[in-house]
2 protein chains.
Amino acid sequence: MARKPTIDDIAQLAGVSKATVSRVLNHKPDVNPETRERVLSIVQEQGFVPSITASGLAGGQSRLIGVLVPSFTWPFIADVLRGVAEVISSTSYELVLYSINDTLRGSDKRDVIDHILASKLVAGLIAIFPGMQARHVARLHSHGFPVVLIDDQFIPPGVPWIHADNFTGAYSAAQHLIALGHRRIAHIQGPAGYLCSRERYQGYSRALQEAGMAVDPALIVSGDFTEISGQAAARALFALSPEQRPTAIFAASDQMAFGVLAVAEEYGLTVPGDVALAGFDDIGLSSLVRPALTTIRQPFPEMGQCAIELLLSRLDSHRFPSGNRHLEAPSDDKHQEFRIALPVESSLNGEAWLSNENHESPALSSTHIQLATSLVVRASCGASRVASKSAARGTAWGAVPPASREEPHDVSFSTPGLSS
Amino acid sequence: MARKPTIDDIAQLAGVSKATVSRVLNHKPDVNPETRERVLSIVQEQGFVPSITASGLAGGQSRLIGVLVPSFTWPFIADVLRGVAEVISSTSYELVLYSINDTLRGSDKRDVIDHILASKLVAGLIAIFPGMQARHVARLHSHGFPVVLIDDQFIPPGVPWIHADNFTGAYSAAQHLIALGHRRIAHIQGPAGYLCSRERYQGYSRALQEAGMAVDPALIVSGDFTEISGQAAARALFALSPEQRPTAIFAASDQMAFGVLAVAEEYGLTVPGDVALAGFDDIGLSSLVRPALTTIRQPFPEMGQCAIELLLSRLDSHRFPSGNRHLEAPSDDKHQEFRIALPVESSLNGEAWLSNENHESPALSSTHIQLATSLVVRASCGASRVASKSAARGTAWGAVPPASREEPHDVSFSTPGLSS
DNA sequence: CTGTTAGCGCATTCAG
DNA sequence: CTGAATGCGCTAACAG
């Protein structure tokens, strides 16, 4: 028990060849049930775990998945990782963490990605907000390397991509403010280069338009998603003349909304009394700030889950959950059963929150999954409704996003051809 | 260029045997300089990266390092990971992410650790706050598996362990409040089981004692580090009679301090006007809250760096930085040069922030590194000093902790025998 | 200093 | 249905 048992040891103990042990371990169909049981029991009792590296080498296919994170500065990256990790833990895959350090130069950043491809360590990659590196990630994809993007600003055509419904989220935030009677609603935008900034802006302006209100350029300021930039934006807005000054502000990120909160205090303005405030993201802190922030929840963990499930379905060799580790757990929560019971593609289809773009190429070309966002009403807009707790930290975490689907502005159901 | 070149391809192109290529790649001394150059240039031009899995298999030693994170609920875990990732990126090692899911049962949590050992994927493990799992991690260690613990509550004897100087941190926080004239200073503790809770409490009470003040049990309440528990604690404190009520509160975590902040507002109390407030951790948000929080900064990224360097020095086969990736970067920041220039043990010794316990066993037994914490003065205590910006997000990140050392209450310099 | 020979631990042929 | 042989890509002894 001191040394790790090898497959040969198991073979010997079970009185079969290691080829057979291998077959059992890989769930091959052609194995005598008795033999299988015997081998399995020996495996269990010896605590044998096949070497991922060796089997990867021999089988020509790694069971490691790379996750590329863009520095750790964004608070919700941990949430996305959590979603990924949760799913991975029920498979026989492992996660390799790659990060693009902020201190790196551009060329070094490229190198990180080249390195991922060249080292051939991982079988596929999930890239979270790769940003400027997206085009390099796309290069991986064009080399036939399985890649899934999460919420990037540049969507290289053809690369599978997961993101939240920014448009509808922003739309409902603005609508909420309108419903509360606000007529002068400012918007603090995200950086122009980001797709999500544009989408949120568009959702906002669409809501205004539908309410018969014009978008006032004086009420549109831009930030870069950080708290500091939110402060600057708030100052600009509060400096406007009384007639121009907004009665409500919709910030494109919670962090920027925090900046507004801080500056409002400086100006002696109360939230929501003098100015209503809504954010976007619903990071953990938003429910803890005073006043608690009304915001649009992004399903970060679900985005992670979704990404890894899509990726695994592409690799599509993750036959069964690792088994060994989860045999005992009765798996009482629906989530688990759900994922275990169905092959991944079916589950995706079943949920109907998958959309397929690029109808020009009939097979799959660009698989694109958009997850629903949701309005979380708290105190900062002055709405009388009791604050929704549904987005409180850890509440519904792990649950599959509700089947309710978004505006069909980008959603179609031509999904049967997903997996190949 | 479509397929990844193998070592054989390189050998052929360079007109040498693959054994020689391997020697060059592994920085073996016995290679003809000319040959080495030739091989190196071919490697470069082909973009050849040896397969980590294959070399791990053949060499009997993996170049993957596991990082075990205890769910992603704590905000600073990302900071620790950042430190680890930064160091790793200058080596030829890669990171494998393991997480202990909150939803797991106890036995499953054990299994995660057993799995790490059994799968033999990684050469060593960094365990961040393994908490209840610490004893299992210790089991790994006793199996000869290289492990480094970060800031755990149970320190299994003999396991290398990195943590921040909680005692001195808490001591200086309390001292700061005392210096500001406070006589009734409450303390919101962390959970009793945690070592750091006790250390912080001790630092606090030591400061009071030295100032000739008694610790008033009525002013000690406990929480569990979360914001919610901070709220509860604050209510308890604010409910005290005017004579008993504290004029200052030292919370054992920033999150609990946020809870106090929120409740203070409910009670119509201003911070720092009616009650001064100090926290512990200096998470990113603490500088953004209003009033900005005076707190004790924990050097999370440095803890990560330190842990990985210690671990690598144990594995001690990480001869040179991966080279390929960092050749071009002039490496202008001192940090890089520092680490590249010196072997790890020397660097540790050179910094002199290493301590060795258990003097009974003369060789190395329990290596224990304690990093300095520092007081960050902001607005929440009402101190007139201008707020220290030194801990602002991203400022000095990446820098090696200052050589200044702590209270020598646990530090000795018997380090020459570190690496074996 | 360098080439040759064996495996690392496993999956996958291909014959039984 | 199962065993024996072959090799994944690389390193580690060996011999030269």
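**Exercise 1. Determine which element gives the most residues to the surface near DNA strand C.**

Solution. The model is predicted; local features need pLDDT of at least 70, side-chain atom pairs count only at pLDDT 80 or more, and totals for chains, interfaces and linings use all residues. Residues are numbered from 1 along each chain as its sequence is written, while chains are lettered from A and ligands numbered from 1 in the order in which they are written.

Step 1. A residue counts as near if its C-beta atom, placed from the backbone, lies within 6 Å of the strand. DNA strand C is surrounded by 23 residues, the closest being I7(A), S22(A), S55(A), A58(A) and N32(B).

Step 2. Two or more residues come from each of α2 (18-25) and α4 (52-59) of chain A, and from α2 (18-25) and α4 (52-59) of chain B. Helices are DSSP runs of H or I with at least four residues, strands are runs of E with at least two, and both are numbered from the N terminus.

Step 3. The element sought is α4(A), with 5 residues.

**Exercise 2. Describe the sheet formed by β7, β6, β8 and β9 of chain A.**

Solution. Step 1. Two strands pair if DSSP finds at least two bridges between them. In chain A, 4 strands form an open sheet in the order β7-β6-β8-β9, with parallel pairing.

Step 2. The edge strands, β7 (220-222) and β9 (276-278) of chain A, each pair on one side only.

Step 3. Strand β6 (residues 185-189) of chain A pairs with β7(A) in the parallel sense over 3 bridges. H187(A) has I220(A) in β7(A) as its bridge partner.
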